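User: I am new to this structure and would like a close look at a single part of it, with enough of the surroundings to place that part. Please take me through it in one connected answer.

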Amino acid sequence: MRFSDFQSNQIVVQTLKAAASGRRLNHAYLLYGPAGTGKRTLARIFAEALLCVGEDKSCGSCAHCVKFQHGTHPDFTVVTKPADKNFILIDQIRRLREQVFVRPNEAERRVILIENANQMNLPAANALLKVLEEPPSYAVFLLTAESRSLLPETIASRCVCLGVQEVPQAAARNWLTERFPGSDPAEVQRAVIYGSGNLGRSQAYLEDESVRRRYEQALNLVKALAFEKEFNVVAALAPFEGDKTGFLRLLDDFDNILGRVAEIPFFPGEDAELKDIAVRLDPLRAGKMHDLIDGIRQRLFYNGNCALVTALFGALLKEI
Ligand SMILES: [Zn+2]
């Protein structure tokens with residue numbers, strides 16, 4: 001994913017793009033807006049661009065971009081709420097603080113993403129504030145939240161705050177239907193879900209058969225887990241035993257679907273297929289599955305044997 005994949009929210013996209021190229025780069029950014037607007041994707045594109053050493057950032061092909069995409073860049077840290085806790089806790093921020101003051105290993109910057117930063121409890125927020133008050137020159141903090149007002153003003157006021165607007169599902173559907181006349185409405189609906197507000201992604205879904213096939217495979221895996229069909233879990237992973245790149249992409253799609261399903265209790269949307277899954281898949285289980293994914297990506301990166309890693313992934317998923 002690159003900045004050019006974003007068709008909506010152009011003011012935000014252009015601001016981040018300019019910042020990544022070194023113009024008016026601030027120490028902290030807050031991307032806020034409703035769930036499903038692509039904040040997380042945008043934050044990751046920005047993070048990759050901040051680490052990238054290519055010409056048109058992010059180039060997607062320099063050593064930094066490659067490591068970033070494999071989830072193994074040593075100068076990129078993600079902080080999220082643990083699945084079994086109600087908050088992002090002070091211990092996490094303390095560990096983060098120690099890391100932040102170590103100079104970056106490989107890149108020129110150290111990039112820290114705090115997802116759903118409003119989930120920090122007060123002690124954690126206060127600890128973060130101390131770092132934001134005097135950050136080391138190489139550090140860039142990216143925070144996401146559903147609204148600016150959910151964060152303490154002391155933190156928000158230290159960030160460049162950028163509001164990310166939702167492309168409503170109906171608008172996305174109309175845009176895609178106009179652009180792809182004659183498409184099957186069910187496929188257009190899946191494209192809307194796949195893009196979650198990012199029209200570039202939705203477009204790729206309709207244009208590229210391999211994207212659709214992979215999404216279908218990821219969806220089958222989520223369904224197999226939700227409906228506890230063990231054999232289908234094995235079947236869903238089998239095609240990837242010898243296909244590392246495909247497997248990494250499957251992990252992305254799988255994680256995105258879990259994210260969409262987790263939002264359904266709060267933002268039901270209109271998608272019957274995902275609603276069905278949400279009824280069956282306990283959010284705690286979904287959270288644990290999400291937590292697995294970074295570890296699996298790293299194993300895949302360091303351990304060449306894709307067959308072993310897919311088997312391990314299947315086994316760990318079934319345990320959850
Ligand atoms: Zn690059």
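Analyst: The protein is divided into domain 1, residues 3-163, and domain 2, residues 208-319, and the contact between them takes eleven residues from domain 1 and 15 residues from domain 2. The C-alpha centres of domain 1 and domain 2 lie 25 Å apart. This is a predicted model, and the part to look at closely here is the zinc site, followed by some of the helices.

The zinc ion is coordinated by four sulfur atoms, namely the SG atoms of Cys-52, Cys-59, Cys-62 and Cys-65, at 2.3 to 2.4 Å. Along the sequence, these donor residues follow the spacing C-x6-C-x2-C-x2-C. The angles subtended by the four donor atoms around the zinc ion run from 104 to 116°, which makes the arrangement tetrahedral. For comparison, the ideal angle for four tetrahedral donors at a metal is 109.5 degrees. One of the coordinating residues, Cys-62, has a relative accessible area of 12% and is therefore buried, the cut-off being under 20%.

From the zinc site we can turn to helix H5, which covers residues 122-133. Helix H5 has twelve residues, and the distance from its first C-alpha to its last is 16 Å, close to the 16 Å expected at 1.5 Å a residue. At the start of H5, a side-chain oxygen of Asn-121 comes to within 3.1 Å of the backbone nitrogen of Ala-124. Ala-124 is also one of the buried residues of the helix, together with Ala-125, Ala-127, Leu-128, Leu-129, Val-131 and Leu-132. The elements that cover these buried residues include three strands, E1 (28-32), E3 (110-114) and E4 (139-145), as well as helix H4 (90-100) and helix H6 (153-156).

Helix H4 also holds Asp-91, which counts as partly exposed at 45% relative accessibility. The C-alpha atom of Asp-91 is separated by 9.4 Å from that of Ala-127, although the two residues are 36 residues apart along the chain; Ala-127 is among the buried residues of H5.

Further along the chain comes helix H9, residues 199-207, where seven of the nine residues are buried, so that this helix is largely enclosed by the rest of the structure. The buried residues are Leu-199, Gly-200, Arg-201, Ser-202, Gln-203, Tyr-205 and Leu-206. What covers them includes four other helices, H7 (169-179), H8 (185-195), H10 (209-226) and H12 (244-263).

Two residues in later helices complete the picture. Ala-286 lies in helix H14, which spans residues 283-302, and with a relative accessible area of 5% it is buried. If residues up to four places away in sequence are not counted, Ala-286 touches Leu-258 and Leu-281. The C-alpha atoms of Ala-286 and Ala-83 are separated by 8.6 Å, while along the chain these residues are 203 residues apart.

Thr-310 belongs to helix H15, residues 306-319, and is likewise buried, with a relative accessible area of 3%. The side chain of Thr-310 reaches the backbone oxygen of Ala-307 at 2.8 Å. Leaving aside neighbours within four places in sequence, Thr-310 is in contact with Leu-237, Phe-240, Glu-241 and Phe-247.

Technical notes. Residues are numbered from 1 along each chain as its sequence is written. This is a predicted model: local features need pLDDT of at least 70, side-chain atom pairs count only at pLDDT 80 or more; totals for chains, interfaces and linings use all residues. Side-chain values use heavy atoms; hydrogens and water are left out. Buried means under 20% relative accessible area, exposed over 50%, partly exposed in between (1.4 Å probe, protein chains only). Helices (H or I, at least four residues) and strands (E, at least two) are DSSP runs, numbered from the N terminus. Contact means heavy atoms within 4.5 Å. The expected span of a helix is 1.5 Å times one less than its number of residues. A polar contact is a pair of N or O atoms within 3.5 Å; within protein, one must be able to donate a hydrogen and the other to accept it, and residues adjacent in sequence count only if both atoms are side-chain atoms. Donors are N, O and S atoms within 2.8 Å of the metal (3.2 Å for Na, K and Ca); water is not among the atoms, so sites may look incomplete. Four donors count as tetrahedral if all angles lie between 85 and 135 degrees; four count as square planar and six as octahedral if opposite donors are over 155 degrees apart and all others between 65 and 115; anything else is irregular. Domain bounds come from an automatic or database domain assignment.
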